Every structure is written in C-alpha cells, then in structure tokens.
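Work through the following exercises with the sequence and the coordinates side by side. Each task is followed by a solution that goes step by step.

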Amino acid sequence: MNEPRLETLYDEIGEEKINKLVAAFYPRVYQDPVLSPLFEGDMAEIMRKQRMFLTQFLGGPPLYSQEFGQPAMRQRHLPFEITPKRAQAWLRCMKEAFEEVGLEGIPAGEFFYKRLEQVAAIMVNTAE
Ligand code: HEM
C-alpha cells in the first residue's frame, strides 16, 4: 500500500538540481579569497557531505544523519572562524550557484535561499 506523501521542497527541487547546485557552489568557494583559507580539505568530500546535508535539509531522505549523526551545524563549524564577512561571501557564492543552475526566480528556490540565509547567520561565530 502506498504511504501518503507530504510535498516537500525536496520533491520540487530534486536530487539532480541539488547535485548541480553543489557542483556550481564549491569551485566558487575554493576560489574566493575570503573563504579559501578555511577550505583546505578535499573538495570531493565536502561536496559529498553537502549533497547529503541539503537533501535532508529540504525534506528528502536523511542521508547526512545516517552517516554522520546529528547535523549540529553550528557546533561543527566552531573550529572555523566564521565572520559576518565570510557568511556574506558564502551566500554570494551560493547566490551565483543558484543563478547558474536555474534556482533563481522560482518560488521553491527563493524559499530555499531564505532558509540558507538564516542558517548562514546562525553559523557566524567570530566578530570581524
Ligand atoms: C556562513 C558561512 C559558512 C562558512 C564560512 C562555512 C565553512 C565551512 C567549512 C570551512 C567547512 C569544513 C570544510 C572541510 O571539511 O573541508 C564546512 C563544512 C560544512 N558546511 Fe559550512 N560554512 C558556512 C555555512 C554553511 C551553511 C549555511 C551550511 C548549510 C546550510 C553549511 C553546511 C556545511 C556542511 C554540511 C559541512 C560538512 C560538515 C561535516 O564535516 O560533516 N555551511 N563549512
């Protein structure tokens, strides 16, 4: 018997778009002079984690938690100095990635981006 399904942003945006978004985002982050000092790890691995995280963040399967447990994103970011300027740079890279993959200007994309703005603000842990 089919379970009734709640409509989620994940259903609307989908796995392929999430993959494209992450692929458009991290090359920008690694090239950004404000962000690049923080990103010394393997890009393929952070992309894999972010695909899993965003999948569950949008209401899809809890891929990140299945492998890593509680997201606890603020706590996981505490080893990195995240200033307001770095949060802005992160969001700017994300905005460009949204434009590149066509998430800009559609309601699901606008809602998704607003959620990311909220989470980015929570991640700030260091004054300028
Ligand atoms: C506000 C600015 C942000 C900065 C400067 C930042 C920076 C970082 C850095 C340096 C890492 C570790 C990279 C590595 O392991 O090589 C990381 C990991 C991660 N970030 Fe961010 N981040 C920010 C915001 C966000 C936001 C808003 C989200 C989610 C919506 C997010 C999701 C993640 C995830 C899922 C990981 C992987 C965590 C893990 O190791 O399991 N980040 N971030």
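**Exercise 1.** How far from an oxygen atom of the ligand does a polar side-chain atom of Y64 lie?

*Solution.* Begin with the basis of the values: this is a predicted model, in which local features need pLDDT of at least 70 and side-chain atom pairs count only at pLDDT 80 or more, while totals for chains, interfaces and linings use all residues. Residues are numbered from 1 along each chain as its sequence is written, and side-chain values use heavy atoms, with hydrogens and water left out. The polar side-chain atom of Y64 then lies 2.5 Å from the ligand oxygen, which falls under the term polar contact (a pair of N or O atoms within 3.5 Å).

**Exercise 2.** Identify the contacts made to nitrogen atoms of the ligand by H77 and W90, and then describe the surrounding shell.

*Solution.* For H77, a polar side-chain atom is placed 2.8 Å from a ligand nitrogen. For W90, an N or O atom of the side chain is 3.4 Å from a nitrogen atom of the ligand. The elements that contribute two or more residues to the shell are helix 2 (43–57), helix 4 (73–77), helix 5 (84–101) and helix 6 (107–123), where helices are DSSP runs (H or I, at least four residues) numbered from the N terminus. In total, 19 residues surround the ligand, and K49, Q50, Y64, H77 and W90 are the closest; to be counted, a residue needs a heavy atom within 4 Å of the molecule. By class, the shell holds 15 nonpolar residues, three polar and one charged.

**Exercise 3.** Which residues are linked with R28 in a network of salt bridges?

*Solution.* A salt bridge is a side-chain nitrogen of Lys or Arg within 4 Å of a carboxyl oxygen of Asp or Glu, and by this rule the count comes to seven. One of them joins R28 and E96, with N to O at 2.9 Å; this pair connects distant parts of the chain, R28 being in helix 1 (residues 9–31) and E96 in helix 5, 68 residues apart. Another joins E100 to R28, with the closest N and O atoms 2.8 Å apart, and here the separation is 72 residues. The network therefore consists of R28, E96 and E100, with R28 partly exposed at 24% relative accessibility (partly exposed lies between buried, under 20%, and exposed, over 50%, with a 1.4 Å probe and protein chains only). E96 is likewise partly exposed at 35%, whereas E100 counts as exposed at 51%.

Terms used: Polar contact = N/O pair within 3.5 Å; in protein donor to acceptor, adjacent residues only side chain to side chain. Nonpolar A, V, L, I, M, F, W, Y, C, P; charged D, E, K, R; others polar.
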